[in-house]
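I opened my notebook to look through this structure one item at a time. Here is what I looked up, in the order I did it.

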Amino acid sequence: MTDLAIFPDRPALPAAGDLTGDVTGDSSFDRYARIVQEVLRVPVALVSLIEPTRQVFVGAVGLPEPWASTRQAPLTHSFCHQVVTQCAPLIVTDATTDRRGQGNLALTDLGLVAYAGYPLRDSHGEVIGSLCAIDAVAREWAPADLLLLEDLAHTCSTEIALRESQAALTSAIAEATNVSLRARTLLALSEGLNQSATLADVAATLQDVVVDHLGALHAGVWLSDELTGDLGYVHHPSREWKQAEVFGTLGYDRTNPIGAVAVTGEAAYYPDRAGQDARFPAYATDPLPGDGQARAILPLTVAGRTFGALAVLWEQPRTFSEDDVLTVGALASYTSQAAHRALMLTERTHAATILQSALLTDDLPQPDGLEIAARYLTSRRDDKVGGDWYDAVVMPSGATNLMIGDVVGHDIAAAAVMGNLRSMLRGIAWAVDDTPSANVARLDRAARDLQVPALATLVYARIEQTSADRGSGIRRLRWTTAGHPSPILVQPDGACRVLDEGYDPEPLLGLLPDVERHDHEAEIPVGATLVLYTDGLYERRGEDIDASRDRLLAALGRHHALPLPALVDAVVHELVGRDPRDDVAILAVRFHPQP
């Protein structure tokens, strides 16, 4: 790990490399660059960090040589430097005519003409670089593209801050004292906090460690709430603390013991309860079970910003030794880093969930006589994104097209490929009212020609009705598969049938773009339900595939009489619960009588 010269007193990104030599790229930041390139359709995208004499590209795609190999360029070639100095986005339509591009060698050496860059911030909120899109021709940047670039820059900044927090936590652990009690305590705390993903996890770990290793009664965390301006107690169910529940919300001010420490940033040590009561008589309540006597209250601070306080209580009065102060101070430092990381993870998860939602169709069409419902779950607990997807498009002709697919991978890169495929197929379906096999073949060739790195399975189905069938209510289903599990037809009486008889599976998207694909047909009666799904719904590692599919068929038959949304929920709950081991998507259509 090295320090960025621009911030010599703080740990920097592990990928920054030797500041006097070549820079090593980072696969995670390269993914951000690829997403920008693919979604905004630009030749070059960068995650660029600015140093005093150069810019380094920890994430890059599309750079010409020698910049692609060295991963760095002087500031004479940098528009990102303007983003950092101005602490604001920089949008340039045509750098050859824009005064901000005068003298910038990126125009000649990098072929830059249009530029859109948004600030990247570290854990201190300081702008250290830019996530940018670069085009070789003049370009009016679409508002939607700029909004997506801003959102991705925010998510990328969160990852930068997380890395800094993790580096700081690792550094704190390495500097732990060799004093036996403190070492054992801090080791137990660090091991527990490394497994803590939520604020409740952090609070529970802290409580367990101080009780087991310091002989304390309780430990608790109060964090600032940006909406209310108050301090809120982080509840956890491992041990009950009545006093903390009573004072679960406190003012972020000097009127109470926790708020005073948070405001001043200075720790407070009370040998007994009387000392605290004398200073804050308004909180001198009648004793509650577990109130204790001695107490230490310390600020929770990261990068000079206090965002809460920690309190530790002992049952008996106590004179705090220097070793006690050092130990509890280290507890507060570790807890600060872990709580800050948990807050960052929560924010990152929220941002990723928004991104995933934007890539899926929430408002499904409801054509006459058809009811459509879908559900999506991801196996990724941190990002909440994945490669499974579904879609439904009603054509001007009245036909309804259904798509469900599974991109290889379970991360933000898979989500980006998924978004590309979904958008491309949706556009093809609307523009070319053709058979499923023909449109899937078009998608396969388009992905190859547009260099979308797609390897995915897919079912594309089309629901039609001829004039002759209208009287009986029967609809006709035509579909094609690309290495994907076949649709299931649930009859009105609950009998279930996999629609895979008489044909062999066809290759995945991205394997053989020129392969001939085929359509299959079936009649669908009124009252039936068609189910499209991804393999995460039913497959289990080490289990025979036929047994897995039989379990799915049994669940569909068991719940077939439920309303369609309830049917989908019941099947998902029975087969995977709330914690799937793989991404799961399900798209179901119920065939009602036509009005």
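**Entry 1: helix α13**

I started with α13 in this predicted model. I counted 14 residues in α13, and the helix reaches 20 Å from its first C-alpha to its last. That is close to the 20 Å expected at 1.5 Å a residue.

Next I asked myself: how many of the 14 residues of α13 are buried? I found ten, so α13 is largely enclosed by the rest of the structure. Among the buried ones I noted Pro436, Ser437, Ala438 and Asn439. Leu443, Ala446 and Ala447 are also buried, and I met these three again in the next entry.

**Entry 2: Met424, a partner of that helix**

I then looked up Met424, which lies in helix α12 (residues 412-431). Is Met424 buried or exposed? With a relative accessible area of 13%, Met424 is buried, because the cut-off for buried is under 20%.

Which residues does Met424 touch, once I leave aside its neighbours within four places in sequence? I listed Leu443, Ala446, Ala447, Leu450 and Val452. I also checked the distance from Met424 to Ala447: they are 23 residues apart in sequence, and their C-alpha atoms are 8.4 Å apart in space.

**Entry 3: just after α13**

I followed the chain out of α13 and came to Gln451. Gln451 sits in the loop between α13 (436-449) and β16 (456-464). Its phi is positive, about 60°, although Gln451 is not a glycine. I wrote a reminder beside this: most residues other than glycine have a negative phi. Gln451 counts as exposed, because its relative accessibility is 71% and the cut-off is over 50%.

In the loop between α13 and β16 I also found Leu455. Leu455 is partly exposed, at 33% relative accessible area. Leu455 belongs to a nonpolar patch on the surface, together with Val408, Leu511 and Leu512. I noted about 350 Å² of accessible area for the four together.

**Entry 4: backbone oddities elsewhere**

Where else could I find a positive phi in a residue other than glycine? Arg41 has one, near 55°. Arg41 lies in the loop between α1 (27-40) and β1 (44-50). Arg41 is exposed, with a relative accessible area of 61%.

I also looked up a cis peptide bond, which joins Glu65 and Pro66 with omega at about 5°. Another reminder to myself: most peptide bonds are trans. Pro66 is placed in the loop between β2 (54-61) and α2 (67-70).

**Entry 5: salt bridges**

How many salt bridges are there by the rule used here? The count comes to 24, and I looked at a few of them.

Arg478 and Glu464 meet through their side chains in a salt bridge, at 2.8 Å from N to O. This pair links distant parts of the chain: Arg478 is in strand β17 (residues 475-482), Glu464 is in strand β16, and they are 14 residues apart. Both residues also belong to a network of salt bridges with Asp433 and Arg462.

Glu51 forms a salt bridge with Arg54, and their closest N and O atoms are 2.8 Å apart. Both Glu51 and Arg54 are buried.

Arg551 and Glu543 form a salt bridge at 2.9 Å, N to O. Arg551 counts as partly exposed at 27% relative accessibility, and Glu543 is partly exposed at 33%.

**Entry 6: cysteines**

I wanted to know how many disulfides the structure holds. A search of the whole structure finds zero. For reference, a disulfide is a covalent bond between the sulfur atoms of two cysteines. I noted two cysteines anyway: Cys87 is partly exposed at 45% relative accessible area, and Cys496 is partly exposed at 25%.

**Entry 7: stepping back**

I finished with the whole protein. It has 15 helices and 22 strands. Of its 595 residues, 54% are buried. The protein exposes about 25,400 Å², and carbon and sulfur atoms supply 52% of that area.

My last note was on contacts with a separation of 6 or more: residues 24 or more positions apart account for 65% of them.

Conventions. Residues are numbered from 1 along each chain as its sequence is written. This is a predicted model: local features need pLDDT of at least 70, side-chain atom pairs count only at pLDDT 80 or more; totals for chains, interfaces and linings use all residues. Side-chain values use heavy atoms; hydrogens and water are left out. Helices (H or I, at least four residues) and strands (E, at least two) are DSSP runs, numbered from the N terminus. Buried means under 20% relative accessible area, exposed over 50%, partly exposed in between (1.4 Å probe, protein chains only). Patches are made of residues with over 30% relative accessible area and no salt bridge: like charges are joined within 9 Å, nonpolar side chains (Val, Leu, Ile, Met, Phe, Trp, Tyr) within 5 Å. Accessible areas come from the Shrake-Rupley method with a 1.4 Å probe; for residues, only the protein chains shown count as cover. A disulfide is a pair of cysteine sulfur atoms within 2.5 Å. Contact means heavy atoms within 4.5 Å. The expected span of a helix is 1.5 Å times one less than its number of residues.
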